[in-house]
Each structure stands twice: as structure tokens, then as C-alpha cells.
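Student: Please take a close look at one part of this structure, then work outward from there. Keep the wording plain.

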Protein chains: 2
Amino acid sequence: MNVATEKPTQVAKNNRRSNSSPPPVRVYSLGGLGEIGKNMYGVEYKNEIIIIDAGLKFPESRLTGIDYIIPDITYLIENRHKIKGLFLTHGHEDHIGALPFVLRQLSVPVYGGPLTIGLVKAKLEEYRMLGEVKLHVYEESDRFQFQHLAVHFFRTTHSIPDAFGIVIDTPYGAVVHTGDFKFDFTPEDRPADLFKMAAVGGEGVLALLADSTNSEKEGFTPSERKVGTSILETFRQCEGRILFATFASNVHRLQQVVDAAILCNRKIVVIGRSMDKAFSIGQDLGYIRIPDGMLIDVKHIDRYEDRQILIVCTGSQGEPNAALSRIASGAHRTVQIYPGDTVIFSSSPIPGNGQNVNRVIDTLMRADANVIYGSIFDIHTSGHGNREDLKLMLSFIRPKYFIPIHGEYRMLLRHKDLAIQTGLTEDRVFLLNLGETVSIYRNRAKRGRTIPSGEVFVSNGEMRVQEEQLVEERLELSQEGIVIVVMTVDGKTGQILAGPDIVTRGFVYMQDARPLLRRAETVLKRNLAKMAEKQAFDKAVWLRSVHKSMRKYFMKEVGRAPHIMPSILEVK
Amino acid sequence: MNVATEKPTQVAKNNRRSNSSPPPVRVYSLGGLGEIGKNMYGVEYKNEIIIIDAGLKFPESRLTGIDYIIPDITYLIENRHKIKGLFLTHGHEDHIGALPFVLRQLSVPVYGGPLTIGLVKAKLEEYRMLGEVKLHVYEESDRFQFQHLAVHFFRTTHSIPDAFGIVIDTPYGAVVHTGDFKFDFTPEDRPADLFKMAAVGGEGVLALLADSTNSEKEGFTPSERKVGTSILETFRQCEGRILFATFASNVHRLQQVVDAAILCNRKIVVIGRSMDKAFSIGQDLGYIRIPDGMLIDVKHIDRYEDRQILIVCTGSQGEPNAALSRIASGAHRTVQIYPGDTVIFSSSPIPGNGQNVNRVIDTLMRADANVIYGSIFDIHTSGHGNREDLKLMLSFIRPKYFIPIHGEYRMLLRHKDLAIQTGLTEDRVFLLNLGETVSIYRNRAKRGRTIPSGEVFVSNGEMRVQEEQLVEERLELSQEGIVIVVMTVDGKTGQILAGPDIVTRGFVYMQDARPLLRRAETVLKRNLAKMAEKQAFDKAVWLRSVHKSMRKYFMKEVGRAPHIMPSILEVK
């Protein structure tokens with residue numbers, strides 16, 4: 001069944017010669033190691049590359065003006081002739097979000113589960129790229145055979161339907177990539193295919209790449225079922241309107257909310273662009289089932305009593321422009337908060353979003369809403385497996401070599417510990433950095449050469465390669481502001497014809513600072529006049545002099561050094 | 001004993017007339033409500049004001065260039081003649097950090113426990129203000145009597161020694177301010193004075209202001225003793241060097257660390273300016289006891305074996321310039337991380353610091369250090385009381401009126417719930433905003449007028465009143481960068497003599513953008529030439545035109561609008 005098991009004995013026997021001759025299976029990551037997000041992995045053998053996922057991540061707040069960060073795919077572009085396909089594990093942004101940008105640079109067929117491809121279609125439509133890309137829906141029984149490699153799948157459970165693990169059969173055995181997963185034995189959707197996992201493990205797995213996100217958390221991750229029960233119980237206790245905020249992509253959660261709304265006799269109002277999209281794609285593909293007449297338009301909300309209304313909206317991460325934040329701050333056109341409303345946050349804050357979430361919660365509470373959040377109720381569970389889930393996966397797959405993926409370094413390290421607990425020796429676990437490759441042979445593995453990798457910034461839908469330097473410049477401007485010095489000089493005599501004029505932004509309060517700036521102009525004139533006496537006019541020298549004397553002046557007068565930009569115009 | 005209990009019956013009987021005539025006890029906050037930090041509270045009766053605490057808070061990351069935020073004390077300045085004293089509950093920055101700035105604007109005697117005043121002295125010395133301020137050390141048995149008001153204290157337990165609750169006796173009964181506290185029945189230091197609390201409560205308390213920081217957390221807060229045991233156990237398992245990072249102000253924790261070092265036979269190296277200060281003040285005042293010869297200079301670290309070394313350092317919050325961050329990144333002069341080192345984070349990240357802490361942890365792990373952090377070990381406990389602690393305080397004090405303080409709105413709200421659970425009716429609990437006052441009489445209380453309150457930004461040791469506008473300007477610069485357009489014009493004819501020159505920062509990558517900017521200059525010249533044909537030169541009109549045409553040009557060419565600053569110099 002395994003495609004390339006021919007001649008195994010010959011290679012194994014002739015060990016010394018085979019050290020140099022047989023080509024390795026190479027495994028590497030272009031995103032997702034030492035970070036959360038922008039997941040992208042490659043498995044390569046001879047002239048064939050399989051890519052797994054193409055995700056984005058959100059920038060730290062210091063990267064002002066940047067919308068998201070995607071992987072640098074220079075290596076894939078250089079090796080485009082080898083790429084057989086880009087296989088998606090599931091439809092979350094950190095796994096599919098870089099697709100429009102990857103596909104602008106690389107023409108490659110994309111494979112994904114039904115919901116995943118549904119979400120990819122909507123995304124490509126947004127970028128007006130839908131016609132240009134070959135999209136393939138795979139089912140869990142599918143198998144894609146290439147010359148040396150073959151790709152097949154096993155269904156897992158995660159916080160979005162159609163999450164799959166990917167198996168790549170290579171001449172030396174299977175390389176298994178789990179995608180994001182947890183073991184949910186009572187999922188809302190179809191269960192994980194444990195038999196397939198066991199079968200794959202039983203045939204002997206060369207290498208496992210497994211999700212490390214929750215490797216610091218003890219026990220098993222609670223089931224989605226438990227959340228469904230909590231949602232219904234919470235709904236039953238509410239007498240006013242309910243506002244329910246969660247990730248739009250968590251289609252299971254949306255179905256749970258619909259089910260609870262049916263039992264509590266509430267109409268559903270959907271608010272927020274991505275939530276609208278999730279409901280429409282989810283219904284089209286049969287993942288969300290809603291009785292006729294139950295979805296109502298926000299315009300008709302006043303036709304019903306408060307206890308008949310459920311609002312499902314985006315903004316569970318406190319995103320300033322999302323529906324819930326606008327509703328909370330009174331900036332939404334139709335919906336405002338009033339006493340008696342219950343707002344439910346069914347999500348936990350992604351690191352970095354905590355303060356935004358808290359701000360929205362506080363605003364809602366000040367408007368006298370009843371707010372349910374955090375660990376007060378079992379109103380949310382993670383989609384990622386905790387330590388026991390991870391050990392179970394390691395036990396199913398029993399790989400020869402292990403590469404923890406999806407996580408910051410400490411999570412990878414903790415996952416490594418788990419692998420060693422389940423019986424792997426330390427030399428068989430590879431903690432990689434982005435771009436580092438592992439060369440795996442039938443019975444040995446070693447670190448190989450490093451390939452190009454890095455971050456590409458995206459802003460307003462455009463990739464910006466040199467943006468890092470611009471971000472640094474903007475950071476400097478944002479620290480102490482800017483002082484601009486402008487003057488016109490007679491290019492022959494060095495006589496100042498106009499100026500110097502000094503204006504500032506973000507440095508000193510202009511109204512109060514006029515005397516300070518006028519004095520600066522006087523100081524500058526005197527310094528330049530002295531220079532003009534001694535030597536002929538030289539623009540570069542003058543610019544340096546302006547920079548230096550203004551820096552000195554402001555340090556002395558204000559105790560701070562702004563970014564100084566002198567500009568000298570010559571009239572000849 | 002209570003100073004002003006004369007004529008109580010008369011006031012109580014003549015209820016109707018007293019509605020308007022007797023003056024209220026007024027309670028308000030200038031910082032610490034709806035936020036964590038910059039704590040400052042006032043209790044006022046007739047011509048007397050008692051101030052409690054003067055803290056700072058750290059700004060959100062979007063407030064670039066701001067070091068911290070302190071309360072606006074306009075109201076206190078206007079009423080400076082009434083102020084009897086500024087009483088400090090304990091020595092943490094969010095309670096004493098605004099002192100140098102408050103004392104620049106207000107000459108007022110400061111009272112605090114022994115360690116608190118020790119820390120205040122060090123702070124005022126730094127600001128060269130030590131000679132100008134009257135500092136008084138209070139002991140728990142002290143009582144300060146003013147005309148109508150009297151101030152006395154009860155010892156509490158917190159994450160710093162000498163933490164006190166403050167009792168202000170008023171004609172209508174006592175107003176109690178808990179400061180920060182938890183109930184630690186096995187503290188490292190002296191225990192809380194439960195008898196005094198019970199006695200104060202027994203005499204009848206008018207109003208309680210109590211710490212709400214942990215009002216969302218169930219149970220009792222674990223004792224410091226438990227942490228001491230964990231530290232010793234952890235030290236015993238380490239074979240290489242140990243680096244221990246915690247808050248410098250947690251003097252108990254430092255003593256625990258010293259004790260564990262004694263038992264494990266390790267020398268102590270102290271790194272970090274505030275840690276140095278904590279050890280020296282702590283030793284001077286007798287809070288930290290260290291055997292002779294146990295503290296060694298970092299320069300002599302190589303004279304000892306790894307298993308004989310304990311480094312105690314700042315940086316447990318991932319602060320980029322603190323000792324631990326510099327050590328982790330290889331930027332420290334003497335100490336680097338090497339395999340076998342164990343680094344212990346004995347603190348939990350303050351909201352907003354999580355990503356910084358994670359970055360330092362990852363860097364340490366990549367250097368092969370063993371890192372102990374978070375909830376893996378009982379290596380840290382909070383200094384604030386959880387829900388059971390808070391209920392116990394409410395039960396001891398049994399106030400007539402309750403004002404939850406120290407916390408974001410949702411924490412205050414949860415604390416209110418607890419007060420109601422312990423028997424207070426809803427109308428006796430006041431959830432205030434900054435500047436809102438409560439007027440309390442013997443048997444009733446109501447919201448009073450609002451006094452000025454707000455935020456003052458501090459940067460480089462200076463208060464900056466209008467900084468908010470500058471921050472907005474800097475934020476704008478940091479979003480898309482800046483484009484500067486400069487030209488010289490003949491003031492009579494409107495002829496362009498030099499320029500336009502266009503330079504940018506943070507907008508486009510200058511090397512690549514030269515053609516783009518040269519084209520912009522051409523477009524601009526053409527537009528202005530057209531204008532000059534039609535009408536006489538008018539600088540204001542030209543400036544608007546430059547702004548408009550450049551904005552349009554860059555939106556069309558680059559799809560983004562930077563901050564545009566035109567500057568026109570006239571030669572006459």
C-alpha cells in the first residue's frame with residue numbers, strides 16, 4: 001500500500017555507501033515555530049514538495065500600521081517546479097490567511113476539506129483571485145498519488161469542522177502532520193477517525209509533526225459538548241436580550257447557539273461581517289442548520305420582546321472595530337446596550353488581546369449589562385489538545401522521529417518532554433527554528449542546511465518587503481515626535497534668504513512652544529552665520545550643523561531629543 | 001476615644017432639619033477606580049482633608065514616549081489649606097510613585113510605615129527633593145489627632161512589609177481604607193492585627209473602602225509560607241547556577257530567597273538597580289537579614305562554582321531594560337546564560353506584560369536554561385485577597401456603607417456582589433468613578449458633586465499636561481509615516497524659486513521611492529503653476545493646495561495617505 005517500499009533491504013544493508021547516496025526526506029517550517037500563527041510546513045523528497053498550510057499571524061502592537069504577517073516563501077518560489085500541492089489542514093486564519101499572497105507569487109493547486117475550501121473561496125473572492133486558482137476539495141478517504149510521495153488524511157476534532165491530520169507517504173515511511181487538534185470524544189460534529197490514526201501508526205511512521213499550542217496545560221481539553229450544555233443553561237437564566245460573541249470560524253459553537261436559541265424560543269440576529277459570512281457559508285455547506293424564519297434582520301429587532309432576541313456577533317477578542325465593541329461604545333447604528341441585556345464572551349483572549357477584552361467588558365458593565373466571561377462559566381473550551389491529548393496522539397502515531405510544531409519555543413520544549421515520556425529518546429526529537437531542515441533517512445535523521453525564511457508584513461492588502469525599516473522609522477517618530485527645520489539659502493553666497501522655519505509634530509505643544517521655537521530659530525541663524533563667515537556654503541555641512549545644533553538646543557531646553565529633519569533649499 | 005462623638009443624639013433626633021444643615025463626610029478617589037494603579041483617595045470633613053496614597057500607573061503600549069501616568073490633583077491644589085496630611089498604606093509604586101510630582105505642587109506632610117518611608121526617602125533623593133518634604137514614620141499604635149478627624153492604623157499582610165489599613169475617625173463614625181491586603185495566617189513577617197480590625201468593626205464603622213484587585217478569584221489567596229517552601233524545594237533540585245527574578249519590593253520574598261540560599265550553601269549576587277536598592281533599604285531597616293560574607297559582587301562570580309551561586313535580579317515582568325532581559329539577550333556585561341542554569345520567575349505577569357515575559361522565557365530556553373515560571377510550581381502567590389479574604393474583611397469591619405476601590409470596573413462590581421452577600425443592601429454600596437464624591441452623614445449617604453480628576457502623563461521625569469494631544473499626533477505619524485514638502489517662492493510673483501523637495505520618514509522605502517517622489521514633485525509644480533496663472537500668490541491657499549494634491553497623489557499611487565506637512569518659504 002505504501003507507495004515506495006521497493007528495495008528497503010538493499011539500502012539498509014549497504015549502510016556505509018548509503019550514507020552519502022540516498023536522498024533524504026526533508027522537513028522544514030516557514031512559519032509556526034517559535035511563534036503562534038503563520039503556519040506553513042514543507043515535506044520534500046527528490047523533485048517533489050508538499051506544502052502544508054499557509055497562515056498569517058497578527059503583529060505585536062509595536063508594529064504600527066501593519067495588519068498581519070505572513071511567511072517569506074522565497075525558498076518555495078525558487079523551487080516552484082517541485083511543488084505538487086498546498087494542502088490545508090483546516091480553515092482558520094493562522095492556516096489559510098496567507099493564501100492570497102502566496103498564490104500571487106506561486107501558481108499551485110490547493111487542497112482542503114469542504115468547509116476549508118468554502119472559506120478559501122470566500123477569501124479569494126474578496127481579493128478578486130477566485131478564477132485564477134485551482135481548488136480541490138478532499139474527503140477523508142481520498143489519496144493523492146504523486147511520483148514519489150502520496151498524501152492522505154485522517155479526520156480530527158478542533159474548534160472548526162473539517163479539521164484533518166495529513167499523512168505524506170514517503171519512500172522511508174509516513175510523515176504525519178496533525179494540524180490543530182484535540183481529542184473530543186463527544187464532539188458536536190463528526191468524531192475523529194481514531195481507527196485511521198491507529199492504522200497509520202500501526203504501519204510505522206517515520207516522523208510526526210504535532211500541534212504544541214496547549215503543551216503547558218495539564219489533563220485533557222474539555223469537550224465541546226460541555227460548552228453546549230453550559231450555553232443552554234445560561235440562556236435559560238436570561239430574561240432580557242442575549243448578545244453572544246465568539247469566533248466566527250467556530251461553526252460548532254454557532255450550531256450550539258442556534259440549538260439553544262430554538263429551545264429558548266429566541267430569534268437570531270447576526271451582526272458583524274465575518275459572522276454573516278460564517279452563517280452563510282455554514283448554512284450553504286450544511287454545517288449550520290437553522291429552522292426557517294428564525295434568522296431575522298437587525299432592522300426588525302424591535303418587533304420582538306427582549307426575551308425573544310439572541311444577537312450573535314463578532315468582537316469576542318475586543319477588536320475595536322468589531323460589532324460588539326461598537327455596540328458597547330454606542331457606535332452601532334441599530335443596537336445599543338441597555339440594563340437587562342446579558343453579554344456572553346464565548347472565547348478566551350488570545351495573548352495580547354487581554355486589555356482590549358477587559359475594556360469592552362468594563363464598558364458593557366457600565367451600561368448595566370450582565371456580562372459573562374472568562375472562567376466564571378464553562379462557556380468556552382480550547383480547540384487545542386492539552387498534555388494528555390498530546391500523549392494520546394504520540395501513542396497512536398508512535399513515530400520514529402518527532403518534530404513539535406505550532407507554538408512558541410517553550411511550548412515546543414514542553415511537547416518534547418512529553419514525547420520523551422512516551423518513550424522517544426532525546427536524539428529523535430528535533431526542536432527546529434524557522435528555515436532549519438531535518439534530513440530524514442530510513443534509520444537516521446540529522447539537521448540539514450538552512451533555507452531562507454522570515455516575515456513579510458502585509459498592510460492594506462499589500463505585501464511590504466522592506467516595511468521593517470519603515471516600522472523602525474515610524475517607531476522613532478512615535479517616541480518623541482519630529483522637528484522640521486526649513487530654510488532657503490543663496491547657493492553662491494550662503495546668505496539665508498528665508499527661514500529658518502521650525503515646525504513640530506508630537507514633540508511640544510505648539511501653542512505653548514512658540515517662544516521656544518522662535519529662540520531655536522535665532523540660535524540657528526547665529527550658528528549658521530558664524531559658519532558662513534569661515535567657509536563657503538556646503539549644503540551637506542550645513543545640514544549636519546543644523547541637525548547637531550538643534551539636537552543640542554532641544555536637549556538643553558526640553559530635556560528630550562526629537563527626530564530632527566533639516567531641509568535646505570538652494571536658490572542659485 | 002473617638003474624637004468627635006459629642007452631641008450624637010441631638011443630630012440623630014432632629015432628623016428633618018439635619019438634612020440640610022450638618023456637613024457631610026465626603027469620600028472620593030482621584031485614582032484607582034476603573035483602573036489598576038495611580039491610587040489616591042480623599043476623606044474630607046468641613047475644613048479638613050486626609051489624603052490616602054499617591055500612586056502611579058504604567059501606560060498602555062499605544063501611549064508611546066510616556067513613562068507613567070499620575071492623578072490630576074487640581075482639586076487638592078485648590079483646597080490645599082484643608083489638607084492635614086498624606087497617609088501612605090504601603091510602599092508599592094502604585095501607592096507612592098506619584099509622590100515626587102504631587103509634592104512639587106503641594107506642600108504637605110507625608111506619613112507612612114517604616115519601610116514605606118524608607119522607600120519614599122530613596123525616591124525623593126533620586127528627584128533631589130529629600131530636604132523639602134516633612135516625612136513622618138507611623139507605628140501601628142500611633143494616632144494622629146486633627147481638629148475634627150483622627151487617623152490611626154491596623155497592620156495587614158501584603159506582598160511588602162509594613163502594609164497598613166488606615167482608619168479615619170469622623171464625627172459620624174470611622175472611615176476605613178484597607179490599602180492592599182490579603183489574609184495570610186502564616187506570613188513571613190509580622191501577622192495582621194486581627195484584634196484591631198475586630199475592635200474597629202465592633203465600634204461601628206461608617207464606611208469601608210476595600211481593595212478589589214482579586215475580587216474575581218475564588219477562595220483564599222495562598223500564604224507566602226507555601227511559596228517559601230516551594231522555593232527551598234526548587235533550589236535543592238538545582239545543580240547549576242540559579243537566577244531568581246521577582247519584584248524588588250517584595251521584601252518577604254527576598255528574605256525567603258536568602259533563607260533558601262543559606263540552607264543550600266549558595267552565595268548571593270544582586271543585579272539590577274531597584275534590586276540593589278531593595279536589598280540595601282531592606283537590610284538597613286532590618287527587614288532582610290543576611291549573614292556576613294554571603295552577598296558577593298558580580299565581579300567575583302567566577303571565584304565560585306556554579307552550584308554555589310544564586311543571582312537575584314529584576315526583570316520578572318520581561319521589562320526590556322531590566323537585568324534579566326539583558327542577561328537573557330547576551331547584553332549584560334558580566335553575566336551570560338549557559339546550559340545548566342536555572343531561571344526562576346517568582347511573579348505573575350501584570351496584564352499587558354505577558355508577551356514580554358514570554359519573549360524572555362523563550363530566549364532563556366533557547367540558551368538551554370531550565371526555566372521555571374507560571375503555574376508549574378507554587379513559586380509565587382498574589383499579595384491581594386481573593387473572594388474569601390474579601391468576605392472576611394467585610395465581616396470584620398461591618399461597615400454601614402461600602403465603596404469598593406482598587407480595580408477595574410468589573411472587579412469593583414464583583415466586590416459589590418460580595419458585599420451584598422455579606423448582608424449589605426444595594427443602596428449602601430457606592431460604585432464610583434474617578435472624581436465622583438459620596439456625601440456620608442450619620443444615617444444616610446448620597447452621591448455628591450463631581451470634583452476635577454484625570455490623568456497626567458509623566459515622561460523623562462516631567463509632568464506633561466497637554467501630552468495627550470502630542471500622543472495623538474505621534475500615533476498619527478506612527479500609522480503611515482510622514483511626507484514633508486518644502487519649497488521657496490517669490491512672495492510677489494508666486495514664482496517657485498527652489499523645490500518643491502519631498503522627503504519622507506516611515507512612509508515608503510526611500511531607495512525605491514525616488515521615482516515616485518520625483519513624479520510627485522512634477523505633479524505639484526504643474527498644479528501650482530496653474531494656480532499661479534489664475535490668482536495672486538497666497539501662502540495659505542498654496543499650503544492647502546499642496547496638502548490636497550499630495551494626498552490625492554499618494555492615495556492613487558500607493559493606496560495610503562501619510563501625514564503630509566507642506567512648508568513654503570517666501571523670499572521677498
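Tutor: A:H406 sits in the loop between β18 (399–405) and α14 (409–421) of chain A. Helices and strands here are DSSP runs (H or I, at least four residues, for helices; E, at least two, for strands), numbered from the N terminus. A:H406 is not a glycine, yet its phi is positive, at about 55 degrees.

Some conventions come before the rest. The model is predicted, so local features need pLDDT of at least 70 and side-chain atom pairs count only at pLDDT 80 or more, while totals for chains, interfaces and linings use all residues. Residues are numbered from 1 along each chain as its sequence is written, chains are lettered from A and ligands numbered from 1 in the order in which they are written, and side-chain values use heavy atoms, with hydrogens and water left out.

In α14 of chain A, which spans 409–421, the residue to follow is A:R410, which forms a salt bridge with B:D362, their closest N and O atoms being 3.6 Å apart. A salt bridge is a side-chain nitrogen of Lys or Arg within 4 Å of a carboxyl oxygen of Asp or Glu. This rule finds two salt bridges across the interface of chain A and chain B, and 51 over all chains. One inside chain A joins A:E93 to A:K123, at 3.0 Å from N to O. A:E93 lies in helix α4 (residues 93–96) and A:K123 in helix α6 (residues 114–126), so the pair ties together parts that are 30 residues apart in sequence.

The interface that A:R410 and B:D362 bridge takes 61 residues from chain A and 61 residues from chain B, with contact meaning heavy atoms within 4.5 Å. The two chains bury about 5,400 Å² between them, 55% of it on carbon and sulfur atoms; this is the accessible area (1.4 Å probe) that two parts lose on being put together, summed over both. A turn of 180 degrees and a shift of 0.1 Å along the axis lay chain A on chain B with an RMSD of 0.1 Å, the superposition being by least squares on the C-alpha atoms of residues with pLDDT of at least 70 in both. The two copies are thus related as by a two-fold rotation axis. The same surface serves both, since 100% of the contact residues of chain A recur in chain B. Within chain A, A:S478 comes closest to the rotation axis, its C-alpha being at 2.7 Å.

Another backbone feature is found in each copy. The peptide bond from A:G499 to A:P500 is cis, with omega near -5 degrees, and A:P500 is placed in strand β24 (residues 496–505) of chain A. In chain B, the bond from B:G499 to B:P500 is also cis, with omega near -5 degrees, and B:P500 belongs to strand β24 (residues 496–505) of that chain.
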